[in-house]
Amino acid sequence: MLPAVDGVVESARGTSSGTRWYRRTTRSRIGAVPHRDDPGSQGYDERLMTATLEPRAHGTARPRDLLGRPVHDLRISVTDRCNFRCTYCMPKEVFGRDYAFLPHDQILTFEEIERVARAFVEIGVEKLRITGGEPLVRRNLPALIAMLAALRKADGEALDLTLTTNGSALRALARPLADAGLTRVTVSLDSLDDAVFGAMNGIDFPVARVLDGIYAALEAGLDPVKVNMVVRRGVNEASVLPMAGWARDTGVTLRFIEYMDVGHSNGWRLEEVVPAAELAATVGAAWPIEPIGAAYRGEVAERWRYADGVGEIGIISSVTRPFCGDCTRARISAEGMLYTCLFAVRGHDVRGQVRGDPSDEALRAFLTSIWERRDDRYSELRSRATNDLPKIEMFAMGG
Ligand code: SAM
Ligand code: SF4
Ligand code: SF4
């Protein structure tokens, strides 16, 4: 029997009588306006849009949710732990030495992750992103990458397999990950200024070591290498142009992320969000930019290319220009809970399904049923009321 589907939207509907902060907008598609285990590895180095069922070679069907969105991306969190304490994600005042992270026997094994990923691929997922917490602290991660890299889409093609990391361990792991079949990587870096970055990552981790990780990724042939920068008003706005200039010089794609109201611990305030339009204007004033369309439906970042041909930037505007209408992402937490929205208040127990029933067919049916009941669109409904919902922390769900 399926668990109750209590997505955030249902909850938000019940409580969102408050003022809308932003008019709902619809993103244009591709147009002028940019649219937008082995047991040892469990440790750490720490419908009713009566689904349109497209037949697939695997013999299954690609489910669509209640808003007609197919499942395309799966984000897999391999750990809830992290060596950083970013102020906007895991502030050290909350996530101190005594914080109880998941015990090892509660996180999915590599075999379980591979089984869930395979089931998702069989119902239509084409892109896998490994995340966390900090994914590089999961022991033997290249072994998992090799298992996932062996998966094939219905047409026999390889999947888009990527990873998001804080970069702190990339110098050591970029090559093994690339050799295992990882093709590209996204590294998070919020400033080139040590004082600013050290304060934001919460542990005074030096910029130079993340840069070295990025260079290691480039040397290992990971392509593209993207860099995520969360921009927080009054904290690292002054780092926007230096970061853009560095990215242009280095040949990496920089993506600015609007500071989001994920979880409860970061004390998020709307005033701290630097809107996408302002970010584009700031960069564009230094180096003229022009919009380019999304590479595929559901792409998260609005893309802009430099008019002089030197690369592009992305802006992830989940607060000021919500893109729920094209959201095709599912998330599996390290403990095997399935979340159909980054802002969901409750997940679905995939680990219980996987450990309780060996049938792959039953697993596919379970995942399909959940997806077909999905109607999440939190960012479009965002209001003062939704801010108080009991949301799951991003590091726990998998960002
Ligand atoms: N530890 C890895 C990292 O930092 O890249 C992967 C997990 S982290 C949760 C994934 C992404 O979410 C990072 O790029 C991080 O900057 C971003 N992120 C975390 N909290 C955020 C927030 N409140 N608003 C916007 N982005 C956030
Ligand atoms: Fe760790 Fe990433 Fe969260 Fe920073 S954003 S605390 S690196 S999980
Ligand atoms: Fe997708 Fe939820 Fe974000 Fe909307 S708020 S884009 S539904 S994850």
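In this predicted model, the shell around ligand 3 comprises seven nonpolar, two polar and three charged residues. Ligand 3 is surrounded by Ser318, Phe323, Cys324, Cys327, Arg329, Cys341, Leu342, Phe343, Asp376, Arg377, Tyr378 and Ser379. The surroundings of ligand 2 were examined in the same way. The shell around ligand 2 divides into six nonpolar, four polar and two charged residues. Its members are Cys82, Phe84, Arg85, Cys86, Cys89, Met90, Gly132, Gly133, Glu134, Asn166, Ser188 and Phe395.

The strands form an open sheet of 12 members with mixed pairing, in the order E9-E10-E11-E8-E7-E6-E5-E4-E3-E12-E13-E14. E9 and strand E14 (348-349) stand at the edges, and each has a single partner strand, so one side of each is left without a neighbour in the sheet.

At the E9 edge, strand E9 (residues 289-292) pairs with strand E10 (residues 302-306) in the antiparallel sense, over four bridges. Within this pair, Ile292 is placed opposite Arg303 of E10. E10 also pairs with strand E11 (residues 312-316), again antiparallel and over four bridges. Here Glu302 lies opposite Ile315 of E11. E10 and E11 form a hairpin with five residues between the strands, in which Gly309 takes a positive phi near 85°.

At the E14 edge, strand E13 (residues 337-339) and E14 run antiparallel and are joined by two bridges. In this pair Leu338 is found opposite His348 of E14.

Helix packing was examined for one pair. Two packed helices are described by the angle between their axes and the distance between the axes. Helix H7 (residues 240-250) packs against helix H8 (residues 276-286) at an angle of about 60°, and the axes are 10 Å apart. Angles of 65 to 115 degrees count as roughly perpendicular and those under 35 degrees as roughly parallel; H7 and H8 are therefore oblique to each other. The crossing of H7 past H8 is right-handed. On the H7 side the contact is made by Val240, Leu241 and Ala244, which meet Leu279, Thr282, Val283 and Ala286 of H8. By class, this contact of H7 with H8 contains six nonpolar residues, one polar residue and no charged residues.

Definitions and conventions. Residues are numbered from 1 along each chain as its sequence is written. Chains are lettered from A and ligands numbered from 1 in the order in which they are written. This is a predicted model: local features need pLDDT of at least 70, side-chain atom pairs count only at pLDDT 80 or more; totals for chains, interfaces and linings use all residues. Two strands pair if DSSP finds at least two bridges between them. A residue is near a molecule or strand if its C-beta atom, placed from the backbone, lies within 6 Å of it. Ala, Val, Leu, Ile, Met, Phe, Trp, Tyr, Cys and Pro count as nonpolar, Asp, Glu, Lys and Arg as charged, and the others, Gly among them, as polar. Axes are lines fitted to C-alpha atoms, for helices over the stretch in contact, and angles run from 0 to 180 degrees between N-to-C directions. Angles under 35 degrees count as roughly parallel, over 145 as roughly antiparallel, 65 to 115 as roughly perpendicular and the rest as oblique. A crossing is left-handed if the near helix is turned anticlockwise from the far one by less than a right angle, and right-handed if clockwise. Two residues are in contact if their C-beta atoms, placed from the backbone, lie within 7 Å.
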